[in-house]
Every structure is written in C-alpha cells, then in structure tokens.
Amino acid sequence: MKKSSFLKAGLLATVVSAAISGSAFAANPVLKIGFVGVTSGPAAAWGISNQRSMETRADWINEMGGVTIGDTTYDIDVVAFDDQKDPKRAVAGMEKMAQEGIHYVVGPNVDDGAAAVRPVAEQKGIMYFPYAFPKSLYTAPASNAVLGMVANYQSGPAIYKYLMDNKGIEDVAFVAANESDPLSQRDGGVEAAKKLGLNVVSSNVTYQVDTTDFTPVLLPVLKSRPDLLVLSGVSPANAPQLIRSACELGYTGLISTETAQDASVLKEGAGDLANGFISVGGASTPEVASDTMREFVKRYTEKFGEYNDESNTKVYALEYIIETLKANPSAITNVDQFQQTMDTFEAPNPYMVGDAKLKYVGSTSFGQKRQVSVPLVVNTYRDGKFETLFIAQVD
C-alpha cells in the first residue's frame, strides 16, 4: 500500500505527521524519541533491551490511540542508532538526533559514550537518559543527563552489606576489564567495600574485553582466597566466561556484579556453574509487578520471541519522558521547561502495585534530581532464571 507523509502546519521540528494510508489518514502527529546506544558486540544486551523496551511500549501506546500532551494527541516514533560502544559513534548518533529535531534521547549505555555526547546534548537542547555512572554527568553544572537506573556506587554498598549480614563475607576481590567503565566501577566498589569494613584482598587485576582464556587472569586473584569475587562492570558476554573459569579453578565463594545481566546468556555460557551469581536486576519482581508490567512483558516477549529481565528497568525511561511532557507540554521543544518540571514532578507508577510514584531522585548522590526513581532489585541466578535476593530504594 502506497504511503506518503506531510508536515502538519504549526508544529515544531520534533513533530511530524502520521502517514496517510489510502483514503483515510491518521489523526495523530508523531513525537520522535531517540535512542543512542550499543546494540552490537559484547555489551549488545544492554542496548538491545533499551531499544526493544522503547519499541514495545511505543507500539502499545500507539495501539491505544496515542498519548495526549496538552491539546494534542501524538503517536510515538522511536528513532534508534547503534553506537557500537564507540564514543565517536555515540556523538554521531546524538548529532543525528539533533538534526532530526529530537529533544529527548534514551542512552548511551556506557560511561565513555554518555560523557562524549554531553557537549552535543547541551548545545542542541537535548535531554538524555544514559545508563552510565560518572557523577559528573548528573552534578551541576551538568543538567541535561538523567541517570536511567541505579548506579554501582548505590547498588554496590547495598549488595556488600547484605552479604556481610547474611553470608558473613569478610574478604572481597575485584576483577575488571581494562576499559574506563569497568575500571571506574571497580574503584567505586573498592571504596564502598572499605567503608563497610571489608578486607579488599585483590583489586588490581584487569583483562582485555576480547580475552577468551580467563585462567591466567583469575589465578592470582583466587590465590588471595576471597569470600566474594566482584566482576566490576562485566559485560553480559564476559560474565559467563569469568564465572566458568573461576569455578573450574576450584573457587566456591560468591560471585557478584553491579551490572545487569542476561539469564539466557548465563545459561548458555556457564550453565549450572552460574547458580548463585548475584547481579542487579530489572526494577520489578513478581511481588511488586502490576498488571501493566505483566502486560508489557507479554507484549515484549510476543514481539521479540524472548525477554530480558533488564527491561524491567529499561521500560521506565520512555515513561518518564512522556509523563513529564504531559505535566508540562511546553517542554516538548524546550528542555529548560523539562528541567524545571523535574523538581516537583510526580505521577503514578504504572509498573508497580500500590501507590508507587514516578519521580526524580538523586539529590543525595548528585545534589540535584537527575535520576529516575526505580527500585533497586538485586537478583541471584538459579537454573536458567533470576530470583529476587532483595529490594531497596535510592534517594
């Protein structure tokens, strides 16, 4: 069927008309929301869950007739760009969003990319929701980035304290890939562990991301006999390899990470050896999941043939953007208005039971509200799936 599109008079750059189909045409203009993140390579699972979550939710919203912001009802169009975990490509992706008049972008997924796009975002008037942890992105004078998840320096202490209280751990070792993201997360983890009174027995061992044999990497670490082995910033592709190697070397202690993981990748790469592995999970559990969350999981699974637990967190960014725009429609093309709304913004959380709210947090960590409020869910892997270990909140 032949389709054409037209520019609706009076709308600003971010809004274009829906397509005409036959003699009938869609009444809704389109609001473009961008995604710039990694969807290929070892860390692909992080960005894929982002993009798929956005697309699933956008399709659902459009199916229900769109979203009304002010006096206008829009369909949502997700414009995606794979930055391949390359900061230069992340910048190119953000510039592409600016050229298309997009003011709201989800991503990037890693520290380097999130830092690299900051100048473009600030110059072009783009609010972006990265999954990256450097505090400088969210602390004044920075103002255009909003942390889309719980940071490692927030989840790490919670995990260590839980394991101290419930498993009696005393000695901890850290291993990280020789890249800025994992190294930064390692340093934050070491600092948090020491503050809690843990004995850090090893923290200087690193590996290259293309490593295939982790035995020589882990041997000196395991000789220090840690109770807990922390895989700082580990990618979903490297996690099962490290777990398998540690177990095959005879390690029987606990293994954890502050990054989200993919249960299917763990099952395929490590099998039962991954049982007991602790990681940050999606911001939902069966106990707190609403009917809307369950419907989201169902739609996601039907659309893509599988589900990633991390999408329990990744579904939130688009929701926050839309709900904040609904609270202040003038923010559609003016991120200053968006920022002003953030301080007092509050809306019902559709993904949790009870009276949970969508709101911006981060005052404790960043001195300003530049983080979405999602539950800190910590999981343990068991027989092909994640089980909830505990749930906490971040201010």
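Colleague: Which residue in the turn of the β6 and β7 hairpin has a positive phi?

Modeller: Gly70, with a phi of about 65 degrees. The hairpin has two residues between its strands. Keep in mind that this is a predicted model.

Colleague: How many bridges join β6 to β7, and do they run parallel or antiparallel?

Modeller: Three bridges, and the strands run antiparallel. β6 covers residues 67-69. Ile69 stands opposite Thr72 in β7.

Colleague: And what about β5 and β7, parallel or antiparallel?

Modeller: Parallel, with eight bridges between them. β5 is residues 29-37 and β7 is residues 72-82. Val30 stands opposite Asp75 there.

Colleague: Back to phi. Which residue has a positive phi of about 60 degrees although it is not a glycine?

Modeller: Lys85. It sits in the loop between β7 and α2, the helix at 87-99. Lys85 counts as partly exposed because its relative accessibility is 29%.

Colleague: Where is Arg225, and is it buried or exposed?

Modeller: Arg225 is in the loop between α7 (215-222) and β12 (228-232). Its relative accessibility is 68%, so it counts as exposed. Arg225 also has a positive phi, about 55 degrees, without being a glycine.

Colleague: Why point those out?

Modeller: Because most residues other than glycine have a negative phi, and most peptide bonds are trans.

Colleague: Speaking of peptide bonds, is the one from Gly107 to Pro108 cis or trans?

Modeller: Cis, with omega near -5 degrees. Pro108 is in the loop between β8 (104-106) and α3 (111-116). The bond from Ala140 to Pro141 is cis as well, with omega near 15 degrees. Pro141 lies in the loop between β9 (127-129) and α5.

Colleague: New topic. How many aromatic pairs does the structure hold?

Modeller: 20. One of them is Tyr153 with Phe366: the ring centres are 6.4 Å apart and the planes are at 85 degrees, so the pair is edge-to-face.

Colleague: Which helices do those two lie in?

Modeller: Tyr153 lies in α5 (residues 152-167) and Phe366 in α14 (residues 363-366), so the pair ties together parts that are 213 residues apart in sequence. Phe366 is buried, at 4% relative accessibility, while Tyr153 is partly exposed, at 22%.

Colleague: What sits over the ring of Tyr153?

Modeller: The charged end of Lys135, 4.8 Å from the ring centre. Arg57 does something of the kind with Trp60, lying over its face at 4.7 Å from the ring centre.

Colleague: How far apart are the ring centres of Phe296 and Tyr300?

Modeller: 5.9 Å, with the planes at 65 degrees, so this pair is edge-to-face. Both residues lie in helix α10 (residues 291-304), four residues apart, which is about one turn of the helix. Both are buried. They also belong to a cluster linked by ring pairs, whose members include Tyr104, Phe129, Phe304 and Tyr351.

Colleague: What does Glu319 touch, leaving out residues up to four places away in sequence?

Modeller: Arg57, Pro350, Tyr351 and Leu358. So Arg57, which lies over Trp60, touches Glu319, and Tyr351 from the ring cluster touches Glu319 too. Glu319 itself is in helix α12 (residues 316-327). At 5% relative accessibility, under the 20% limit, it counts as buried.

Colleague: Which residues go into each domain?

Modeller: The domain assignment gives 26-149 + 284-374 for domain 1 and 152-280 for domain 2. The domain centres, taken over C-alpha atoms, are separated by 29 Å. The contact takes 16 residues from domain 1 and 17 from domain 2.

Colleague: How much area do the two domains bury between them?

Modeller: About 1,400 Å², with 48% of that on carbon and sulfur atoms. On the domain 1 side, Pro42, Trp46 and Phe133 lose the most area to domain 2, together 40% of what that side buries.

Colleague: Last one. Where is Pro375, and is it buried or exposed?

Modeller: Pro375 is in the loop between β18 (371-372) and β19 (376-382). Its relative accessibility is 6%, so it counts as buried. Pro375 and Ser136 are 239 residues apart in sequence and 23 Å apart in space, C-alpha to C-alpha.

Notes
Residues numbered from 1 in each chain as written. Predicted model: local features only at pLDDT ≥ 70, side-chain atom pairs only at ≥ 80, totals over all residues. Heavy atoms only, no water. Buried < 20%, exposed > 50% of the residue type's maximum accessible area, 1.4 Å probe, protein only. Phe/Tyr/Trp six-rings, centres within 6.5 Å; stacked < 30°, edge-to-face > 60°. Lys NZ or Arg CZ within 6 Å of the ring centre and 35° of its normal. Pairing = 2+ DSSP bridges. Domains from an automatic or database assignment. Contact = heavy atoms within 4.5 Å. Buried area = accessible area lost by both parts, 1.4 Å probe.
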